[in-house]
Amino acid sequence: MIAPGRPWWLDEAPAVEPEPLLEGDADAEIAIVGGGYTGLWAALTVRELEPSARVVVLEGELCGEGPSGRNGGFLHGYWSPLARLRRVFGDGDALAIAEAGSAVIPGVRAFAERHGADVWLREAPLLEVSAAPAQDESVDRAVATARELGVEEEAVPLTAAELAERCASPRFRRGVLFREGATVQPARLARALRAAALASGVTIHERSPVRKVDRGRPNVLQTPNGRVRADEVVVAVNAAAAGWRPLARWLTVFGSYVVLTEPVPELLERINWTGGESIADGRMFLHYFRTTNDGRVVMGSGSGPIGFGGRIDERFTSDAPSVARAEAGLRFLLPELAAARVERAWGGPIDVSADHFPFFGTVPGSRVHYGAGYSGNGVGPSWLGGKILARLALGIEDELTGLPLVNRRVRPLPPEPVKRLGGGLVRGAALRVEEAEQAGRRPAWPLRAVAALPRAVGLRVGTR
């Protein structure tokens, strides 16, 4: 088994020179903490809506080298989780969120075309497959929900034979096709956003982690070597927000790991997987997989470790058992690729909310705005999140700031150490349950009971 290391995406993407770190004092109208997708989309949107605004982005490392450069590159909105949206928000609000998310892929396409950026955008349906009887429910629920809400074209059922026309695997029992889907090379997209932000007049300071935000008029953001005074602050730090007091009770952190094969275009031809479809299975800790422009396969597993107290440490980048599960998923789900050599593996943290949907708002009594909780689906929704946060910072009220994701009441997670210990217990039980189901065995009832406990109390554990 290969050891986890640096994401291949970052090495494949065009190299960039670091922007200077912040030294001394600076002033801005809007300061953005975090140079990933959300922060960069927010910065670009502010400059579009208010071209004279002075915008400063403070990034602790290099822009896009956190979760934005480590993910699987699935680009979609909210039609695929429509059933979960409906449970959390109700029929009307679920449809409103999904409709708003329909602008994501056209928005990224327009950005890439406008800036001449090759981000490996490939538009093709997203498939959810059932690889065990217990996963049939997820597929059936997606189809039924779309039909009941009058959008049956967004979730089309597929038989095993129909799935085989798009990706042939003896493991796939049946599935559902979501029309809305695409993939990108995530690091290329992040670096294109960074370049566009700089070209628009945004000031970026890299290797300038924000150590403290003193809320006031103005707000003062402190880094190791300087300070920024800003009228408005946007906090867009993804999983690191789990360690920020205003959001700590609303978030936990999971690890997600991927493996990358050598180029195997002939094997992809053999299994008919040449249309660029992105695929996920119906597990609680789902497998997600897609192809690349040069014929590789990326297979991910959302079964990594659970964080404690918001700390982001080596468990999220160096966990060998999580890599082993991702590779095992590759060999099990796509047995025709058994001979494909795994060339690279890496991991990263995911910010997970109690209901697995993001939330946006403003810290009470302040001009500090936040967005977090993407829960594993952040590449597309961060486009939407950036536009929402820019409007919050500029004081604009419109249909985006009126979405149910904004200023919503988020269910708090248990305090530490209950959050970590309870989450770890459920995670362990769920992994054993899903391993048994995959092998065709009925899991022991104590394991099933523990794995089902979060749903019984209205919480969600896992990456689905």
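**Exercise 1.** Find which residue in S8 stands opposite leucine 75, and state how S3 and S8 pair.

*Solution.* Leucine 75 stands opposite alanine 182 in S8. The model is predicted: local features need pLDDT of at least 70, side-chain atom pairs count only at pLDDT 80 or more, and totals for chains, interfaces and linings use all residues. Residues are numbered from 1 along each chain as its sequence is written, and side-chain values use heavy atoms, with hydrogens and water left out. Strands (E, at least two residues) and helices (H or I, at least four) are DSSP runs numbered from the N terminus. Two strands pair if DSSP finds at least two bridges between them. S3 and strand S8 (residues 182-183) have two bridges, in the antiparallel sense.

**Exercise 2.** Place S3 and S8 in their sheet and say which strands stand at its edges.

*Solution.* The sheet is open, with three strands in the order S3-S8-S4 and antiparallel pairing. Strand S3 (74-75) and strand S4 (122-123) each have a single partner strand, so one side of each has no neighbour in the sheet.

**Exercise 3.** Determine how many residues of strand S17 are buried (under 20% relative accessible area, 1.4 Å probe, protein chains only), and name its pairing with S13.

*Solution.* Of the 12 residues of S17 (residues 342-353), 10 are buried, so the strand is largely enclosed by the rest of the structure. Strand S13 (residues 251-261) pairs with S17 over 11 bridges in the antiparallel sense. Within these strands, valine 253 stands opposite aspartate 351.

Key. Buried < 20%, exposed > 50% of the residue type's maximum accessible area, 1.4 Å probe, protein only.
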